Amino acid sequence: MDDFDWLPGDIAACYGGDWTSKIITYGTASLVAPQRLRLGPSHVAVMCHHHGTNIWVESTTMCPTPCLIQGRQLNGTQAHRPADRIRNYIEEGGHVDVYRLTAMNRLTPDESRLMSEILVEQFLKKSIEYDLSGALLSGTRFLQLTGIFPKTGLNELFCSELVSAVTMRLNRMNHAIPARYNPGRLLRTLVRLGKYEWHTRFDHESHR
């Protein structure tokens with residue numbers, strides 16, 4: 001994990017071992033999804049470079065580790081070392097799948113710098129709190145069918161709302177309401193569009 005070759009834009013699809021994570025995974029399941037994503041992740045994070053280091057950027061209330069940018073524990077947008085967060089999931093009985101941009105959709109150096117600037121300056125250096133109500137609404141099947149979602153203000157964000165907003169800004173995803181995408185729906189969309197593909201898995205068996 002410590003020497004994994006992360007690329008800017010990599011998405012970590014996290015499958016937690018706790019009951020809250022399992023409820024999200026099974027509550028947003030889809031029988032018609034790509035096989036690996038019929039049971040979607042309970043959480044997602046995106047990777048970028050900052051001062052020559054790979055950082056894991058997410059919006060969560062579930063991490064006790066201080067944010068690398070603000071130096072304190074946060075409920076909302078925050079950054080951590082990828083290996084530390086992956087260990088958190090494995091130690092709790094879960095696993096993490098890495099999804100990577102397909103070859104023709106990889107970020108250029110300029111796009112990578114833009115993504116890092118957006119994530120650090122617009123989200124990590126500000127106190128962007130976790131959007132609990134948005135997270136709950138994103139998993140509601142009725143709202144998914146109607147397409148009726150509240151306007152996204154980006155002053156509160158849940159995990160896949162953050163990743164969706166940045167992915168749209170970099171034109172790797174059609175522009176829509178970011179709050180509409182729960183973790184499973186986000187990755188299913190990106191895989192079906194041919195923008196992302198499964199790359200590797202971190203779990204207890206492969207990294208004992």
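Author: A salt bridge is a side-chain nitrogen of Lys or Arg within 4 Å of a carboxyl oxygen of Asp or Glu. With this idea we may read the structure above, which is a predicted model.

Reader: How many salt bridges does the structure hold?

Author: There are eight salt bridges in the structure. Some of them join into a network, in which R81, D84 and R87 are linked. Within that network, D84 pairs with R81, and their closest N and O atoms are 3.9 Å apart. That distance falls within the 4 Å limit, so the pair is counted.

Reader: Is D84 buried or partly exposed?

Author: Buried means under 20% relative accessible area, and exposed means over 50%. D84 has a relative accessibility of 32%, so this residue counts as partly exposed.

Reader: Which residue forms a salt bridge with R85?

Author: The partner of R85 is E58, with 2.8 Å between the closest N and O atoms. Here both residues are buried. R85 belongs to helix α2 (residues 82-91) and E58 to strand β3, so their salt bridge ties together parts that are 27 residues apart in sequence.

Reader: Which residue forms a salt bridge with D10?

Author: D10 is joined to R100, and the closest N and O atoms of the two are 2.7 Å apart. D10 lies in the segment before β1, while R100 lies in strand β5, so the bridge connects parts that are 90 residues apart in sequence. D10 and R100 are each buried.

Reader: What surrounds R100?

Author: R100 sits in β5, which spans residues 95-101. Its relative accessibility is 9%, which means that R100 is buried. Leaving aside residues up to four places away in sequence, R100 touches several residues, including F4, W6, Y196 and H199. The side chain of R100 also has a polar atom 2.9 Å from the backbone oxygen of D5.

Reader: How should one read aromatic rings, and how many aromatic pairs are there?

Author: One considers the distance between the ring centres and the angle between the ring planes; planes over 60 degrees apart count as edge-to-face. The structure holds three aromatic pairs. In one of them, F4 and W6 have their centres 4.6 Å apart and their planes at 75°, an edge-to-face arrangement. F4 also pairs with F202: the centres are 5.2 Å apart and the planes stand at 80°, so this pair too is edge-to-face. The pair F4 and F202 links distant parts of the chain, 198 residues apart, with F4 in the segment before β1 (11-15) and F202 in strand β8 (residues 196-202). Through ring pairs, F4, W6 and F202 form a cluster. W6 is buried, at a relative accessible area of 4%, and F202 is buried as well, at 2%.

Reader: What sits over the ring of W198?

Author: The charged end of R36 takes that position, 3.6 Å from the centre of the ring.

Reader: Which residues have the most contacts inside the largest nonpolar core?

Author: They are I11, V57, L119 and F123, in a core of 35 residues. Several elements give two or more residues to this core, among them β1, β5, α3 (109-124) and α7 (183-192). The largest share, six residues, is supplied by α3. A second, separate core of 15 residues includes W6, C14, A83 and Y89.

Reader: Which residues of α7 are buried?

Author: P183, G184, L186, L187, R188 and L190 are buried in α7. Their cover includes β1, β2, β5, α6 and β8. At the start of α7, a side-chain oxygen of N182 comes to within 3.2 Å of the backbone nitrogen of G184. After α7 comes G194, which has a positive phi, near 80°.

Reader: Where does T28 lie?

Author: T28 lies in the loop between α1 (19-27) and β2. Its relative accessible area is 10%, so T28 is buried although it belongs to a loop. A polar atom of the T28 side chain is 2.7 Å from the backbone oxygen of I24.

Reader: Where is I177 found?

Author: I177 is in the loop between α6 and α7. With a relative accessible area of 29%, I177 is partly exposed. I177 and S164 are 13 residues apart in sequence, and their C-alpha atoms are 8.7 Å apart in space.

Notes:
Residues numbered from 1 in each chain as written. Predicted model: local features only at pLDDT ≥ 70, side-chain atom pairs only at ≥ 80, totals over all residues. Heavy atoms only, no water. Helix = DSSP H or I, 4+ residues; strand = E, 2+ residues; numbered from the N terminus. Buried < 20%, exposed > 50% of the residue type's maximum accessible area, 1.4 Å probe, protein only. Polar contact = N/O pair within 3.5 Å; in protein donor to acceptor, adjacent residues only side chain to side chain. Contact = heavy atoms within 4.5 Å. Phe/Tyr/Trp six-rings, centres within 6.5 Å; stacked < 30°, edge-to-face > 60°. Lys NZ or Arg CZ within 6 Å of the ring centre and 35° of its normal. Core = buried A, V, L, I, M, F, W, Y, C linked by side-chain atoms within 4.5 Å.
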